[in-house]
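User: Hi! Could you walk me through this one?

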Amino acid sequence: MMFKKISILLIVTILFSCNKGFSEKEKEEYTLKGKEIAQASFKALSTELMAQMKAGGPAQAVPFCKEQARPILNEVASKYDVTIVRSSDQLRSCKIEPTERELDIINDYKNSVEENKELKPIVEIDATGNKHFYAPIIVQANCLVCHGKVNETMSVKTDSIIKLTYPFDIATGYSEGDVRGVWSITFNK
């Protein structure tokens, strides 16, 4: 019996001592790199979406977003050798469901907004050794055209276009400053 207890204690000690967390320097480096990638992703998407909005309004921008957002993010991801996901608890498309960890982080960010706390990016290493960066996606005024409240910041016509393009959409009802979701970036190296 005593041997069994010692064996269990030894195994637990080994597991905790092998924890490969970030050093402070690594944490800072991954935070800076993650911010750079999230900003590049936002810029690439928003530049294209705004061009589509100017060219044809929501009737052109919504289908464009459905078909081209992923390829645009894939191009940025390829440049940085990462995987980039925009994750949310209010989905526009049910093709990309959030992970449990992403949902936890989104909820933490929403709680932080309610408590007027600063929203900081998160970097961490998962159980399999993958390095992750998470940062909040905050709703800006121009986002409300397609993610706002019907008859307030979003027209009924735009809502109809969205419902036709995304039949299961629940990514509306936001106000400026709300947490829309998270940038979820996984480093491939």
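Analyst: Happy to. One term to start: helices and strands here are DSSP runs, helices of at least four residues and strands of at least two, numbered from the N terminus. Keep in mind that this is a predicted model.

User: Cool. What pattern does the chain follow along the sequence?

Analyst: Reading along, you get α-α-β-α-β-β-α-α-β. That comes to five helices and four strands.

User: And which residues touch the most other members of the largest nonpolar core?

Analyst: Those are Ile37, Val82, Ile84, Phe133, Trp183 and Ile185, in a core of 21 residues. Helix 2 (24-80), strand 1 (82-87), strand 3 (131-138) and strand 4 (179-187) each give two or more residues to this core. Helix 2 gives the most, with eleven.

User: What does isoleucine 84 contact, leaving aside neighbours within four places in sequence?

Analyst: Its contacts include Ile37, Leu73, Val76, Trp183 and Ile185, and also Ser41 and Arg70.

User: Back to helix 2: how far apart are its end C-alpha atoms?

Analyst: Only 22 Å, although helix 2 has 57 residues; a straight helix at 1.5 Å a residue would reach 84 Å.

User: Where is the kink in helix 2?

Analyst: At glycine 57, shortly before proline 58, and the kink is about 135 degrees. Just after helix 2, aspartate 81 has a positive phi of about 55 degrees.

User: New topic: how much of the chain counts as buried?

Analyst: 35% of the 189 residues. The accessible surface is about 11900 Å², with 57% of that belonging to carbon and sulfur atoms.

Technical notes. Residues numbered from 1 in each chain as written. Predicted model: local features only at pLDDT ≥ 70, side-chain atom pairs only at ≥ 80, totals over all residues. Heavy atoms only, no water. Buried < 20%, exposed > 50% of the residue type's maximum accessible area, 1.4 Å probe, protein only. Areas by Shrake-Rupley, 256 points an atom, 1.4 Å probe, with all protein chains shown as cover. Core = buried A, V, L, I, M, F, W, Y, C linked by side-chain atoms within 4.5 Å. Contact = heavy atoms within 4.5 Å. Expected span 1.5 Å × (residues − 1). Bend = angle between axes of the 7 residues up to and from the residue.
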